[in-house]
Amino acid sequence: AGYRLVEANQGPQVFVLNTCTVTGTADSKARRALRSARRANPHALVVATGCYAQRAPEDLTGLDAVSLVIGNFQKHELVSQVSRALALEPDPAGETARRFDAVAPDVKPKARPMGLKGLRIRANIKIQEGCDQVCAYCIVPKVRGRERSIPVAELVEQINRYAGEGFQEVVLTGTQLGTYGFDLPQTSLAKMLRRILDETTVPRIRVSSLQAQEITPELLDLWDTHRLCPHFHIPLQSGSDGVLKAMRRRYDTRTFAATVEMVRRRIPDAGITTDLIAGFPGEDQASFQESLDFASSMAFSDMHVFPYSPRPGTSAAHYTNGVPEETKKDRTAQMLAAARQGFQDFRNGQMGNTRTVLWENQVDRDGARRWSGLTDNYIRVYAQSRRDLTNVITQAKLLKGDGDDPGAEVA
């Protein structure tokens with residue numbers, strides 16, 4: 001439509017923030033980012049879109065920093081609405097606001113790439129949108145709509161295009177990857193991955209997140225190739241079966257543990273990361289201890305830990321057996337301590353191993369300029385080299401670093 005991308009410090013006429021609303025902290029960060037954008041660009045059209053804009057448009061329209069609010073279900077109109085606003089053509093009174101509660105449009109989402117700070121290194125490619133699982137704490141189904149899969153042929157075409165442009169890794173993203181393809185003829189996640197492996201040449205493929213009950217031996221068979229990164233993000237949310245049932249999760253701890261054991265048996269050096277919620281309504285001290293003990297026993301390579309944050313519009317927001325904020329804070333701290341221990345243990349266990357590393361850029365590390373990169377099993381490493389390693393995949397031996405992160409010796 002005649003627009004061009006510029007950096008935030010280049011005086012943009014339009015600033016678009018794609019918001020998250022999974023927690024209250026995410027909402028707060030979005031508001032801060034919008035205010036910061038307004039201060040830096042006082043004459044720009046500041047647009048809030050995404051999940052927060054879909055869930056609570058009135059919160060954002062009330063901010064002086066925001067010029068325009070466009071919900072998820074109106075994203076296909078973003079360009080036309082921005083153009084109208086720039087041309088000072090008024091929106092018909094209340095029309096946009098009245099359509100925030102509309103159902104998600106019955107169109108397939110498009111695969112879009114995102115590079116690392118403008119470099120053609122790693123592309124995040126959405127393979128599906130929406131979620132049908134409706135967990136008790138989660139607002140995502142209401143702000144993203146029902147599950148819709150992007151056709152395999154479009155994904156293959158996009159990946160080949162980005163491989164041709166120099167991207168070395170693609171990350172397949174979405175809300176509910178494990179059920180990919182249920183709405184497409186004779187398609188599944190495994191079949192889609194097989195086609196990507198057969199019909200593309202991108203060196204590394206990473207799958208962003210899978211539910212425990214969706215990981216099967218047949219799916220893991222695909223990881224026999226070095227192109228699929230041995231990193232599995234498997235959300236746990238709680239290590240207490242009682243809490244998992246109250247959350248309406250579709251697995252129990254026995255299923256989860258069996259999945260982790262199967263992944264490690266078949267892919268021994270795989271990194272396994274997870275998400276955990278502390279202080280969900282009804283989580284008493286005994287169930288929290290169960291959760292902490294179970295999470296620790298899984299020896300995750302990293303854990304993303306969140307204190308429970310009630311989301312209006314979810315069933316858990318109506319639960320009356322909430323956990324005090326101070327207790328949630330304390331339990332979150334205990335979970336984070338377990339996360340740090342697992343993080344360190346996994347990295348220490350990898351010392352001396354040789355892994356493939358995708359090098360990204362140079363950073364100041366330990367008083368020197370070092371190359372920063374990610375191993376295939378998701379360990380951040382740093383190395384010295386006279387070579388330009390930008391967007392290069394090499395073998396590297398992992399060594400004990402000066403800080404928390406490992407060093408590496410480039411092969």
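A residue is called buried here if its relative accessible area is under 20%, exposed if that area is over 50%, and partly exposed in between, with a 1.4 Å probe and protein chains only. By this measure Q237 is buried, with a relative accessible area of 8%. The structure is a predicted model, in which local features need pLDDT of at least 70 and side-chain atom pairs count only at pLDDT 80 or more, while totals for chains, interfaces and linings use all residues. Residues are numbered from 1 along each chain as its sequence is written, and side-chain values use heavy atoms, with hydrogens and water left out.

**Loops and backbone angles**

Helices (DSSP runs of H or I, at least four residues) and strands (runs of E, at least two) are numbered from the N terminus. Q237 belongs to the loop between β9 (231-233) and α10 (241-247), and although Q237 is not a glycine, its phi is positive, at about 75°. R248, in the loop between α10 and α11 (253-266), also has a positive phi, near 65°, and is likewise a residue other than glycine. The accessibility of R248 is 37%, which places R248 in the partly exposed class.

Two further loop residues can be described by their contacts, where contact means heavy atoms within 4.5 Å. F182 lies in the loop between β7 (169-173) and α8 (189-199), and, if residues up to four places away in sequence are not counted, F182 touches D132, E147, S149 and T187. S301, in the loop between α12 (285-297) and β11 (302-307), is buried at 5% relative accessibility. Beyond its neighbours within four places in sequence, S301 has contacts that include G271, I272, T273, F343 and R347. The C-alpha atoms of S301 and Y180 are separated by 26 Å, with their positions 121 residues apart along the chain.

**Two paired strands**

Strands count as paired if DSSP finds at least two bridges between them. Strand β1 (residues 14-19) and strand β2 run parallel and are joined by six bridges; V14 stands opposite L45 in β2, and G50 of β2 is the bridge partner of T19. In a regular strand the side chains alternate between the two faces of the sheet. Along β1, F15, L17 and T19 point to one face and are buried, whereas V14, V16 and N18 point to the other face and are not buried. In β2 (residues 45-50), six of the six residues are buried, with L45, V47 and T49 on one side and V46, A48 and G50 on the other.

**Nonpolar cores**

A nonpolar core is a set of buried Ala, Val, Leu, Ile, Met, Phe, Trp, Tyr and Cys residues joined through side-chain atoms within 4.5 Å. The largest one has 64 residues, and those with the most contacts inside it are L172, M192, L193, W223 and F256. When neighbours within four places in sequence are left aside, L193 is in contact with L172, V207, L219, L222, W223 and L228. A second, separate core has 14 residues, among them F15, A48, Y52 and V69.

**Aromatic rings**

Rings of Phe, Tyr and Trp (its six-membered ring) pair if their centres lie within 6.5 Å, and a pair is stacked if the planes are under 30 degrees apart, edge-to-face if they are over 60 degrees apart, and tilted otherwise. The structure holds eight aromatic pairs, and two of the tilted ones are set out below.

| Pair | Centre to centre | Angle between planes | Burial |
|---|---|---|---|
| W223 and F232 | 4.8 Å | 40° | both buried |
| Y251 and F256 | 5.9 Å | 45° | both buried |

Ring pairs also link Y137, F280, Y308 and Y319 into a cluster. A charge sits over a ring if NZ of Lys or CZ of Arg is within 6 Å of the ring centre and within 35 degrees of the ring normal, and R347 lies in this way over the face of F343, at 3.3 Å from the ring centre.

**Cysteines**

A disulfide is a covalent bond between the sulfur atoms of two cysteines, and it is recognised here as a pair of cysteine sulfur atoms within 2.5 Å. A search of the whole structure finds zero disulfides. For C20, the nearest cysteine sulfur is that of C51, 6.3 Å away, and C20 is partly exposed, with a relative accessible area of 37%. The sulfur of C138 is 6.2 Å from the closest cysteine sulfur, in C135, which is too far for a bond; C138 is partly exposed, at 21%.
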